[in-house]
Every structure is written in structure tokens, then in C-alpha cells.
Amino acid sequence: MDLGLNGKRALVTAASRGLGRASALALAAEGARVAVAGRRVEAMAELLDELRAAGAPEAIAVPMDLARPETLRASVDQVATAFGGLDIFVGNTGGPASGPFLSVPRAGWETALNETLLPLVELSHAVLPKMQAGGWGRIIFITTVGVKVVQPNMVLSDSLRLAVVGLAKSLSIEFAHEGIMVNCLCPGPFATDRMEDLIRASMDRDGLSRAAAETLWLDEVPVGKFGDPRDFGAVVATLASERAGFITGTAIALDGGKSRAY
Ligand code: NAD
């Protein structure tokens, strides 16, 4: 199947590792021109080589610290200038801290808000006019399966990501008539550095063995193993494609069967 991504102009944020990186690589493999955004541009040199080797006709890295609002719009403008426009925005962020509710003071909520929800709002403001100018667009926010089924010790992520889903659904009705589709992907446990951090946090906080901590994340996953980020990237590429022109306002679980939500 031709996904129609050849030459499309994509921006992936928080792209240096994990699901963001896998998303960028999958878009590159379909021939998209890919911009990756992260805090340290020099640390993404190897990724740029990988993107080109995967098939991206053009790959650039732009500086963006999601916690610093002044870097967001400037980086989007930099990408649109380099590519002559922008068609696809994969809005990824780092994951907020884990822990039980009483361990998270107001400052923790403010940090998570500033690094998880508000950057996606600001970035949407920046990317949407560029997509409107081209009469076509795909926005994909990376959230969590916690928007379908709440998870222990993930109060920040599960609460704020529901707001991201609300944002996506609101954008979907405002921009669909302009050819701009807006969706969320909701990952369950994938084998990334973030998952490693969460397993270690469970071990430290609850005194669990590694096997017990892994079981915490896997025992409600019928597939019975951590997801492969490459499989996540493949779904991103599909949702970013021409073929996904009738999908908008959805929040799709990629969770090995964990949520089973309707
Ligand atoms: P990861 O920790 O492996 O990678 C996160 C990326 O975000 C890194 O590239 C990091 O450099 C970047 N980042 C963090 N803070 C940043 C900032 N202020 N500015 C710019 N970049 C920043 O995480 P991941 O596993 O790839 O997860 C990606 C997203 O998916 C996260 O929001 C996470 O909460 C969510 N998620 C992941 C899983 C999973 O199992 N991996 C499950 C549910 C939800």
C-alpha cells in the first residue's frame, strides 16, 4: 500500500529517544522529510544519519526544550522555512513523574502541566496555520493508555493526558473541513528508556524485585510482553498518511490488549 507520505514534511518533537525516535524513523522509511526536535541538537547527529539511511530525502534537527515556551514557535518556524511548509506534526513529550497522589505537590503539577500539556497547545498554535496554508495536515499526539484505563501511581500522566485527548478532539472538529486530521495514540507498556525508569521507580518506591516490577506493568497485558517501538512507529506513519483522511478525533490504544476500552 502506498501511504502517500513521499516528500511530506513532518515534525516530531521529543524525538531523540523512544517512541518519538521510532515515529521519526517510520516516517522516514515512507519517504517523508523529517525534522526532529529535542533539547540537544548535537546529540541527534546519529539519528539524522539513521533517518536518511531509512529513506528520508531530507532530515534536520531543531532545538526545542518543551519546558521553555519561547523555543517552541521558533523551532516550528525554522522547520517550515527549511521545508517550505509543514504537513505532519507528531506531538510527543517526555513523561511526567510517577508516584502516588499525596507525593506530588502543586509544583509537581505545574511542572507536568508546563512539560506535557501546554507545549502541545503552543505547538498546535504554531503548526496549524502552516497546515491550513497547505490545505492538508495530520496531528498525532502521543498520550498514554492511562486515558483509557487509569494506572496506579500515574496520576500526573493520566490526568494531564486526558486534557491532551480533549485538545485533540476539539481541534478535530475545528479543522477537519480543511483536511487536517487530529488524533491521539495511547501507548501501553513499550520497551523504552521511560519504561525502564518506571520499572526502577517501582523497585525503589515499593521495594520490588525487577521481575515483580515488570509484572506490575505486564500482568494486565494479554500479549504478555513489552511493545516494540518500531510497531508504534508503523502506526504513527499510517495515521499520518494520505490513507488516514477519514480518521479524526480518535484516541487509539496500542497496548497489547490492556485497556479493552470501547
Ligand atoms: P523516553 O523517556 O524514552 O523518551 C522521551 C523523550 O522526550 C526523550 O527523547 C527526551 O529527551 C524527550 N524530552 C523529555 N523532556 C523534554 C523536554 N523538556 N524538551 C524536549 N524533549 C524532552 O519516553 P518514551 O517511552 O518514548 O515515551 C514517550 C511518551 O509516551 C511519553 O510522554 C510517555 O509518558 C508516553 N508513554 C510511554 C509509554 C511507554 O511504555 N514507553 C507508555 C505510556 C505513555
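**Exercise 1. Decide whether Leu-113 is buried, partly exposed or exposed, and find what surrounds it.**

Solution. Leu-113 has a relative accessible area of 30%, and because buried means under 20%, exposed over 50% and partly exposed in between (1.4 Å probe, protein chains only), Leu-113 counts as partly exposed. The model is a predicted one, in which local features need pLDDT of at least 70 and side-chain atom pairs count only at pLDDT 80 or more, whereas totals for chains, interfaces and linings use all residues. Residues are numbered from 1 along each chain as its sequence is written, and side-chain values use heavy atoms, with hydrogens and water left out. Leu-113 is found in helix α4, where helices are DSSP runs (H or I, at least four residues) numbered from the N terminus. Leaving aside residues up to four places away in sequence, Leu-113 touches Leu-118, Pro-119 and Leu-160, contact meaning heavy atoms within 4.5 Å.

**Exercise 2. Describe how helix α4 packs against helix α5.**

Solution. Helix α4 (residues 106-134) and helix α5 (residues 155-175) meet at an angle of about 15°, their axes lying 10 Å apart. That angle makes α4 roughly parallel to α5, a term for angles under 35 degrees. The residues making the contact include Leu-113 and Leu-117 of α4, and Ser-159 and Leu-160 of α5. By class, this contact has 15 nonpolar, 5 polar and 1 charged residues.

**Exercise 3. Identify which residues of helix α7 are buried, and how they are arranged.**

Solution. In helix α7 (residues 210-218) the buried residues are Ala-213, Trp-217 and Leu-218. Viewed down the axis of α7, they fall within an arc of 135°, so they line one face of the helix.

Technical notes:
Axes fitted to C-alpha atoms, helices over the stretch in contact; angles between N-to-C directions. Helix = DSSP H or I, 4+ residues; strand = E, 2+ residues; numbered from the N terminus. Parallel < 35°, antiparallel > 145°, perpendicular 65-115°, else oblique. Nonpolar A, V, L, I, M, F, W, Y, C, P; charged D, E, K, R; others polar. Arc of directions from axis to C-beta.
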